[in-house]
Each structure stands twice: as C-alpha cells, then as structure tokens.
Amino acid sequence: MKNVAHLIGLKDLAKEQIIQLLERAEYWAARPTEQADILRGRFVANLFFEASTRTRFSFEVAQKRLGAHVLNFIPETSSTVKGETVYDTIRTLEAMGVEAAVIRTKKEGLLQELAESVDLKLINAGDGTNEHPTQCLLDLLTMKRKFGKLSGLTVAIIGDLRHSRVLGSHLHALPKLGVNLLLSGPATMMPAHIPQGVKIVEMEEAVQTADVVMMLRVQLERHAESLYLSKEEYHKAHGLTLERAKMMKSGAVIMHPAPVNRGVEIHTDLVESETSLIQTQVTNGVAARMAVLETLLKGSEMTWESSLATATY
C-alpha cells in the first residue's frame with residue numbers, strides 16, 4: 001500500500017494490497033478498545049454529502065482512536081450552498097493543513113477527478129452507485145474472522161444489485177480473493193456488467209448453497225421509477241423470509257451492509273438472530289477504517305510486517 005495515495009475503490013487494488021489492509025484491520029479488530037497516538041497532531045476531515053450513520057460515525061471513532069484531530073463538514077452550513085465546488089472546498093482544507101478527506105457523494109467518479117489535482121489523501125465513503133471500498137473491507141474482515149479464510153467460500157449477494165455501491169466493490173474484491181460469488185435479485189435490479197465467473201442464480205439456490213447470505217437494501221432513493229411492488233410483495237418474492245432462512249446450510253451466516261429495511265429485504269426476527277453478523281459488521285467497520293487511515297497516512301513510516309507468505313486467505 002505504500003505506493004497508493006488514495007482509497008478510491010478496490011477495482012485497481014491488487015490482491016496483495018487488499019490482504020495487507022485486511023491484515024492490519026485484523027490487528028485492530030483484536031484490540032477493540034485500544035487507543036493510539038499514531039495520527040496524533042494530524043487533521044482529518046469527514047465530508048458527507050449524503051446521509052449516513054454507520055459509515056460516518058465509524059470513521060470518526062476510527063480517527064479518534066488513532067489520535068487524529070477530526071473535522072466534520074456540514075454541507076448545509078458550508079460555502080457549498082453559495083456555489084463553492086467540492087474541489088475548492090478540498091483545496092481550502094488542504095491549505096489549512098488537513099491531510100485526509102473522507103468523502104461520501106452522489107456523484108460517481110468525483111474522487112477520481114479530485115485525485116488528479118489535490119495532494120491530501122482521499123478516502124471513498126461511497127460514491128453514487130459506484131463503490132464503497134471500506135464497507136467491502138469490513139465485510140471481508142467479518143467473513144475472515146468467522147470462517148478463518150476467504151478463498152473457497154461461497155457468498156450470495158441478494159437484492160437491489162443495480163444500485164448497490166457495496167456490490168460495486170465486492171464485484172472486484174471477492175473474485176480476486178478466490179471467493180465464489182453468486183448474485184440474485186429482481187431482473188430490474190441486476191447490475192449492467194457482471195464479471196466473468198460470477199453467477200446469477202435463483203434466490204432459493206443462493207440461500208441453500210452460500211456460506212454467506214448477504215442481503216442488500218432496496219435503495220428507493222436511487223430508483224427513478226416505481227418498483228410496482230409493495231414492501232410485503234417484495235419481501236415475499238425477493239426477501240430473506242423465515243422460511244428461506246431455514247434453507248440455509250449449517251454454519252452459514254447472514255450479513256447486511258445496513259441500514260436494514262426490516263420486513264422488506266429481511267425478516268425482522270433474523271436481523272439479530274444467532275446466524276446474523278450484522279452487528280459484528282458494524283464493530284469490524286471501525287477496525288477496517290483504522291487500517292485504511294493508518295496505512296494511507298503512515299504508509300512509509302509503518303514498521304509492521306505482513307505475513308502474506310503464511311496467511312490463509
């Protein structure tokens with residue numbers, strides 16, 4: 001990761017770079033209460049142009065646990081309401097000594113544009129329907145800690161695939177790590193491009209064969225047209241019902257990037273069931289984001305040794 005200036009997506013990261021981030025995330029996951037001064041005196045800004053609970057607070061907890069000074073940007077009270085561009089906002093922060101910016105935006109490709117003309121570190125907290133790399137990393141961390149490996153697992157991602165930036169990152173990361181990826185969902189919600197080796201299956205097959213059943217939220221805010229389905233109809237046709245959950249094989253787990261629409265993509269009784277890792281994902285989000293922040297801001301100074309030669313992924 002020493003030659004990576006930003007974390008814009010997982011598309012362009014090599015398998016080894018993803019594994020290095022996961023190894024460092026595992027380090028922090030094993031130390032859930034540890035406070036450090038690794039980023040003491042460093043300023044990091046969070047710029048969220050879309051609503052967020054888990055990602056925004058998870059980044060802030062990660063930043064503060066590493067000892068950074070945190071600036072939370074509020075679009076409604078900033079000069080962006082006067083017409084200032086995001087580029088000019090970033091350049092202003094840069095001039096003040098801010099060294100990293102965590103950005104969530106509706107505009108796909110914005111961070112890639114910014115990366116060509118700014119020096120501070122950019123971290124993608126979700127851009128449109130493109131990618132959400134730190135969510136993908138925390139998902140991978142959760143799977144690795146549960147199963148002890150990633151290679152050889154079968155992961156089924158089910159639901160609103162077309163509008164999911166989480167899927168956008170997993171489509172790149174999971175195949176690189178040797179994971180068998182299954183996709184299932186309504187025909188109108190399938191992604192435009194599906195990489196070779198990724199299979200589209202019926203929901204029952206996905207639920208019955210997967211080690212990880214990952215449900216996705218129906219992103220109504222991104223649909224230009226009506227779904228023509230009630231919440232009850234969607235749940236019956238495409239949701240993880242109690243009946244479908246009984247089809248899951250022994251040892252399989254439920255995941256969801258959240259927020260969860262209870263009773264729509266997943267039955268409310270399953271959200272906090274014994275097979276659910278949804279809250280564990282939230283916990284692991286802090287560790288994954290600590291790893292990203294530390295690696296980007298301290299990359300050339302880090303002394304920890306990667307165990308790529310012996311690690312099982």
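Where is the place of Ala258? Let me begin there, with the reminder that what we are looking at is a predicted model. Ala258 sits in the loop between β9 and α10, and its backbone has a positive phi of about 65° although the residue is not a glycine. The peptide bond that leads from Ala258 to Pro259 is cis, with omega near 5°, and Pro259 is likewise found in the loop between β9 (253-255) and α10 (268-271). Is Ala258 buried or exposed? Its relative accessibility is 18%, and because buried means under 20%, Ala258 counts as buried.

From that loop I would like to turn to the salt bridges. A search of the whole structure finds twelve of them, and I will go through some examples slowly.

One of the twelve is formed by Arg42 with Glu99, where the closest N and O atoms are 2.8 Å apart. This pair links distant parts of the chain, since Arg42 belongs to the loop between α1 (15-29) and β1 (43-48), while Glu99 belongs to strand β3 (residues 98-105), and the two are 57 residues apart. As for their surroundings, Arg42 counts as buried at 16% relative accessibility, whereas Glu99, with a relative accessible area of 29%, is partly exposed.

The next example stays within a helix. Lys64 and Glu60 meet through their side chains in a salt bridge of 2.9 Å, taken from N to O, and both residues lie in helix α2 (residues 54-65), four residues apart, which is about one turn of the helix. Which of these residues is buried, and which is partly exposed? Glu60 counts as buried at 13% relative accessibility, and Lys64 counts as partly exposed at 47%.

A further salt bridge joins the side chains of Glu113 and Lys107, at 3.4 Å from N to O. Here Glu113 is partly exposed, with 42% relative accessibility, and Lys107 is partly exposed as well, with 41%.

Now let us look at how helices pack. Two packed helices are described by the angle between their axes and by the distance between those axes, so please keep both quantities in mind.

Helix α2, which we have just met, packs with helix α11 (residues 278-298): their axes come within 8 Å and cross at roughly 55°. Why are these helices called oblique to each other? An angle from 65 to 115 degrees would count as roughly perpendicular and one under 35 degrees as roughly parallel, and the crossing of α2 and α11, at roughly 55°, is therefore oblique. The crossing in which α2 passes α11 is right-handed. On the α2 side the contact is made by Arg54, Thr55, Ser58, Phe59, Val61, Ala62, Gln63 and Arg65, and on the α11 side by Val282, Gly285, Val286, Arg289, Met290 and Leu293. Sorted by class, this contact of α2 with α11 has seven nonpolar, four polar and three charged residues.

The other helix pair I have chosen is α1 with helix α5 (residues 133-147), whose axes come within 10 Å and cross at roughly 65°. That angle makes α1 roughly perpendicular to α5, and this crossing is right-handed. The residues in contact are Ile18, Leu21, Leu22, Ala25, Glu26 and Ala29 of α1, together with Leu137, Leu140, Leu141, Lys144 and Arg145 of α5. By class, the contact of α1 with α5 divides into eight nonpolar, no polar and three charged residues.

Let me finish with two individual residues, starting with Val102, which takes its place in strand β3. Val102 is buried, with a relative accessible area of 0%. Which residues does Val102 touch, not counting residues up to four places away in sequence? They are Val44, Ala45, Asn46, Leu47, Phe48, Phe59, Gln63, Ile123 and Ala125. For Ala45 we can also give a separation: the C-alpha atoms of Val102 and Ala45 are 6.3 Å apart, and these residues stand 57 residues apart along the chain.

Leu13, finally, is found in the segment before α1, and at 7% relative accessibility Leu13 counts as buried. Between the C-alpha atoms of Leu13 and Pro191, which are 178 residues apart along the chain, the separation is 21 Å.

How values were computed: Residues are numbered from 1 along each chain as its sequence is written. This is a predicted model: local features need pLDDT of at least 70, side-chain atom pairs count only at pLDDT 80 or more; totals for chains, interfaces and linings use all residues. Side-chain values use heavy atoms; hydrogens and water are left out. A salt bridge is a side-chain nitrogen of Lys or Arg within 4 Å of a carboxyl oxygen of Asp or Glu. Buried means under 20% relative accessible area, exposed over 50%, partly exposed in between (1.4 Å probe, protein chains only). Axes are lines fitted to C-alpha atoms, for helices over the stretch in contact, and angles run from 0 to 180 degrees between N-to-C directions. Angles under 35 degrees count as roughly parallel, over 145 as roughly antiparallel, 65 to 115 as roughly perpendicular and the rest as oblique. A crossing is left-handed if the near helix is turned anticlockwise from the far one by less than a right angle, and right-handed if clockwise. Contact means heavy atoms within 4.5 Å. Ala, Val, Leu, Ile, Met, Phe, Trp, Tyr, Cys and Pro count as nonpolar, Asp, Glu, Lys and Arg as charged, and the others, Gly among them, as polar.
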